[in-house]
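Colleague: I would like to learn how to read a fold from its local features. Shall we take it one feature at a time?

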Amino acid sequence: MKKITSLLFALVCLCNTAVWAQPTDFGDPLITDVSQLSSPFSDSAEGTNIGALIDFDPSTFWHSDWHGEVAGDYHWLQIELPEAMEGKMVLWIKRRTADNDHPSKAVITGSLTADFGMEIPIDTLELGNASSGQEFTTGTWVIPEPVRYIRFTPIDCGGGAGFRKYWHAADINLYQSGEYELYQKLMSDFVTQYDAYLWGEDPNIGTAPGQYTDKGVFRCVPGYSAAD
Ligand SMILES: [Ca+2]
């Protein structure tokens, strides 16, 4: 009974982890409420619903001011983190279906206060797949000291029109890469303990040998090197 209880607990943990894993394997999204997002550069027509950036719906988007109504060289998006945070982070962006004005490079800064009275440099991110409908997850970047707010400020865009300072996106979010490492460890521990098997791109688990696949597939999981 103890083993079954432990197995069920492990599966519950893994099921929860699988839920966290959307849309990437980096754990819980840090932006979960529209109140965490703000920008003085929202377009008067296509920037009225900033929550479109966190609905995980690729058909809805937010656009910064392309009518020339707001002064400023760069259009930032401000993100309030759930709490003061530091350390490893990744950014995920889903591109809107459109030809131009997809951020391809962005400056990341932080602050403990919403007015950015003291702005802390964090990183400049190269954002790949800067074209229609694509998505991109950055490599890990590091917040060097606790901040409560992040500014995402695109400074270059992909597309034939070049950089026009305004930009748009279908979805955007932040994740702590530390949770990705936890996810990998949970998977590895579970498989080792229960002699389980994984299959599929978004790994599923079976506990009966040969139930779903063989360990040849599991050997393909990065970082796992267990013997037969
Ligand atoms: Ca959306």
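Modeller: Start with a loop. D101 lies between strand 3 and strand 4. Bear in mind that this is a predicted model.

Colleague: Is D101 buried or exposed, and why?

Modeller: Count the C-beta atoms around the residue. The cut-off for buried is 20 or more others within 10 Å. D101 has 25 within that distance, so D101 is buried.

Colleague: What is the phi of D101?

Modeller: First the general idea. Most residues other than glycine have a negative phi. Now the case here. D101 is not a glycine, yet its phi is positive, at about 70°.

Colleague: Which residue in the loop between strand 7 and strand 8 can I set beside that?

Modeller: Take K165, which sits in that loop. K165 is not glycine either, and its phi is positive, near 65°. Its burial reads as partly exposed because 18 other C-beta atoms lie within 10 Å.

Colleague: And G162, is that residue buried or exposed?

Modeller: G162 belongs to the loop between strand 7 and strand 8. G162 counts as exposed because it has 10 C-beta neighbours inside 10 Å. Check its distances too. The C-alpha atoms of G162 and N100 are 7.7 Å apart, with their positions 62 residues apart in sequence.

Colleague: Now the strands. How should I read strand 3?

Modeller: List its partners, then pick one residue pair for each. Strand 3 covers residues 77-94, and strand 1, residues 37-38, pairs with it in the antiparallel sense over two bridges. There, S38 faces Q78.

Colleague: How many bridges link strand 3 and strand 7?

Modeller: Eight, again antiparallel, with strand 7 spanning residues 141-158. K88 has V142 of strand 7 as its bridge partner.

Colleague: What about strand 9 and strand 6?

Modeller: Strand 9, residues 171-175, runs antiparallel to strand 3 and is joined to it by five bridges. L91 is opposite L174 there. Strand 6, residues 135-137, is also antiparallel to strand 3, with three bridges. In that pairing I93 is opposite F136.

Colleague: Which strands pair with strand 4?

Modeller: Two pairings to note. Strand 4 and strand 7 are antiparallel, over nine bridges. T109 stands across from R151 of strand 7. Strand 4 and strand 5 are antiparallel as well, over six bridges. Here G110 has I120 as its bridge partner in strand 5.

Colleague: Can we follow one residue of strand 4 through its contacts?

Modeller: Use K105, which lies in strand 4, residues 102-111. Its partners beyond four places in sequence are T124, L125, E126, L127, P154, I155 and D156. K105 and C157 are 52 residues apart along the chain, but their C-alpha atoms are separated by 6.7 Å. K105 is partly exposed because 16 other C-beta atoms lie within 10 Å.

Colleague: What should I expect of side chains along a strand?

Modeller: In a regular strand they alternate between the two faces of the sheet. And nonpolar side chains in soluble globular proteins tend to be buried together.

Colleague: Which residues touch the most other members of the largest nonpolar core?

Modeller: I79, I150, F152, A169 and L174, in a core of 35 residues. Strands 3, 4, 5, 7 and 9 each give this core at least two residues; strand 5 is 120-126. Look at I79 alone. Leaving out neighbours within four places, I79 contacts I31, Q36, L37, Y149, I150, F152 and L174.

Colleague: Now step back. What is the order of elements from the N terminus?

Modeller: It reads α-β-β-β-β-β-β-β-β-β-α-β-β-α. That is three helices and eleven strands. Of the 228 residues in the chain, 29% are buried. Among contacts with a separation of 6 or more, 70% link residues 24 or more positions apart.

Colleague: Where does the pLDDT stay under 50?

Modeller: Take the whole chain before its parts. Mean pLDDT is 80, and 67% of the residues reach 70 or more. Residues 212-222 are below 50, and this stretch has 17 contacts in the model beyond near neighbours in sequence. Residues 1-23 stay under 50 too, with 14 contacts beyond four places in sequence.

Terms used. Residues are numbered from 1 along each chain as its sequence is written. Two strands pair if DSSP finds at least two bridges between them. Helices (H or I, at least four residues) and strands (E, at least two) are DSSP runs, numbered from the N terminus. A residue is buried if 20 or more other C-beta atoms lie within 10 Å of its own, exposed if 12 or fewer, and partly exposed in between; C-beta atoms are placed from the backbone. Two residues are in contact if their C-beta atoms, placed from the backbone, lie within 7 Å. A nonpolar core is a set of buried Ala, Val, Leu, Ile, Met, Phe, Trp, Tyr and Cys residues joined through C-beta atoms within 7 Å. pLDDT is the predictor's confidence in each residue, from 0 to 100.
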